[in-house]
Every structure is written in structure tokens, then in C-alpha cells.
Amino acid sequence: MLNSSNQDVIWDDTGITVTDKFNSGNKTKILAGGIFITNDGGRNWRNAIRGDGISASLLTAGRINTNEIYIYDGNAPTFRWDSYGLTAYSREDGAVNFSQFVRFDKYGLYGYNGNQDFVPTSLDDITSNAAFSLTWEGLVINDDEAIISVGNNHIDKAGVYVNNLYYKDELMNP
């Protein structure tokens, strides 16, 4: 048994157990099968870390660095969470199409079909290049022939600000 000012460490045939001196219900046990934690003095142990991963259900962090998190569907990454936002990729015949995606970021929610490296630098980038967008400024559906815009301060293909519903440059009166 090892002692320190804030914890007790016991190494015996059940593994290595570390007990918090200030709250004896909080313990950590290290075994070949993983690192286990308890907050009830050892009546119920939860497997926090194993050789194949970390239990996400036990994360209590105030922040998670999402520099690059991939969520897989089988062997293919279908979602990515990084500094550009949360991106869901299209799947075609089992293959991921990284050039067609829906992304949620600081601008809003938008769908894009084109270059997989598309990273908007402004709201105008999204309304000009995305197939659709839903932002604080409204809804825009963009195709090769027209923009349908509902909301305030949207720019149509002719560069005119619109505050109503437009389709093929004609004001629609819903």
C-alpha cells in the first residue's frame, strides 16, 4: 500500500486500486482488462477504458476537442466533426461520396454537391454555392435555373436583395 496526501494506492491480486482520500467512494481500478471506476466505494464498477477504446458514456468533460472525430457506418466514415462543423456524407452503392454532404456549422445548415474541400468563408459563399441552406437569414434552395429564397436579405441570381419568396426571378405571392 502506498500513501500520499490525496490518495491511497493498493496493489494486490485484484489489480491496482486508487482511492480518493477526500471521497472514499471514488475509486479507480487498473486491470489487464481495462481501467474501471466507481463512485459507490466499489459496489458497482464501470469499465471506462479498455484495450479497444474509451467508454463514451462515461465522458464528463466540460469540453471535447473535436479537431477530427469520425463516426463510421461499418468501415466507412459517414460523419465528421471538426473545426468546420458536423458533416454528414452521402453514400452511393456503399461508397462514401465526400463531395456531396450536409454540414452544420457557424453559418447554419446547408447541403453541398461539388468539391469535397468546400469550406465557406461567408454566408454569401453558402447561398451562392450550396444546393440549399437554412440560416438565421432564412431558407435558400438553389439549383441551376433559379434560387428560391424565403427570409430577409437574400441575394438572388441577379444580385437583387429579396425579402419574399422568389422562384426563377419572379416574386411568388403565397
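A polar contact is a pair of N or O atoms within 3.5 Å; within protein, one atom must be able to donate a hydrogen and the other to accept it, and residues adjacent in sequence count only if both atoms are side-chain atoms. With that in hand, here are the points.

1. **Basis.** This is a predicted model, in which local features need pLDDT of at least 70, side-chain atom pairs count only at pLDDT 80 or more, and totals for chains, interfaces and linings use all residues. Residues are numbered from 1 along each chain as its sequence is written, and side-chain values use heavy atoms, with hydrogens and water left out.

2. **Overall make-up.** The protein chain has one helix and 19 strands. Both are DSSP runs, numbered from the N terminus: helices are H or I with at least four residues, strands are E with at least two. Of the 174 residues, 30% count as buried. Buried means under 20% relative accessible area, exposed over 50%, and partly exposed in between (1.4 Å probe, protein chains only).

3. **Surface and contacts.** The protein chain exposes about 11,800 Å². Carbon and sulfur atoms supply 51% of that area. Accessible areas come from the Shrake-Rupley method with a 1.4 Å probe; for residues, only the protein chains shown count as cover. Take the contacts (heavy atoms within 4.5 Å) between residues at least 6 apart in sequence: 4% of them join residues at least 24 apart.

4. **Strands 3 and 4.** Two strands pair if DSSP finds at least two bridges between them. Strand 3 and strand 4 do so in the antiparallel sense, over four bridges. T19 has K27 in strand 4 as its bridge partner. Six residues link the two strands in a hairpin.

5. **Strands 4 and 5.** Strand 4 covers residues 27-31 and pairs antiparallel with strand 5 over five bridges. This hairpin has two residues between its strands. T28 stands opposite I37 of strand 5. I30 has I35 as its bridge partner there.

6. **The two faces of strand 5.** Strand 5 spans residues 34-38, and its side chains alternate. G34, F36 and T38 point to one face and are buried. I35 and I37 point to the other face and are not buried.

7. **On to strand 6.** Strand 5 also runs antiparallel to strand 6 (residues 46-50), joined by three bridges. Here I37 stands opposite R46. So I37 has a facing residue on each side: T28 in one pairing, R46 in the other.8. **D40 in the loop.** D40 sits in the loop between strand 5 and strand 6. What is the nearest side chain of opposite charge to D40? R43, at 4.5 Å. Lys and Arg count as positive, Asp and Glu as negative; His and the chain ends are not counted. D40 is buried yet has no salt bridge. A salt bridge needs a side-chain nitrogen of Lys or Arg within 4 Å of a carboxyl oxygen of Asp or Glu. Other partners are present. The backbone nitrogen of R43 lies 3.0 Å from a polar atom of the D40 side chain. The side chains of D40 and N44 make a polar contact of 2.7 Å.

9. **Salt bridges: D8 and K21.** Side chains of opposite charge can pair when their charged atoms come close. The structure holds three salt bridges. One joins D8 to K21, with the closest N and O atoms 3.9 Å apart. The pair links distant parts of the chain, 13 residues apart: D8 is in strand 2 (residues 7-12), and K21 is in the loop between strand 3 (15-20) and strand 4. K21 is partly exposed, with a relative accessible area of 40%.

10. **Salt bridges: D52 and R50.** D52 forms a salt bridge with R50, the closest N and O atoms being 3.2 Å apart. D52 is exposed, at a relative accessible area of 67%. R50 is partly exposed, at 34%.

11. **Salt bridges: R80 and D82.** Are the residues of this pair buried or exposed? R80 is buried, and so is D82. The closest N and O atoms of this salt bridge are 2.6 Å apart.

12. **Strands 10 to 12.** Strand 10 (residues 85-92) and strand 11 (residues 95-105) run antiparallel, joined by seven bridges. E92 stands opposite A95 of strand 11. Two residues lie between the strands of this hairpin, and D93 takes a positive phi near 55 degrees. Strand 11 then runs antiparallel to strand 12 (residues 108-113), with six bridges. V102 has G111 of strand 12 as its bridge partner. This hairpin, too, has two residues between its strands.
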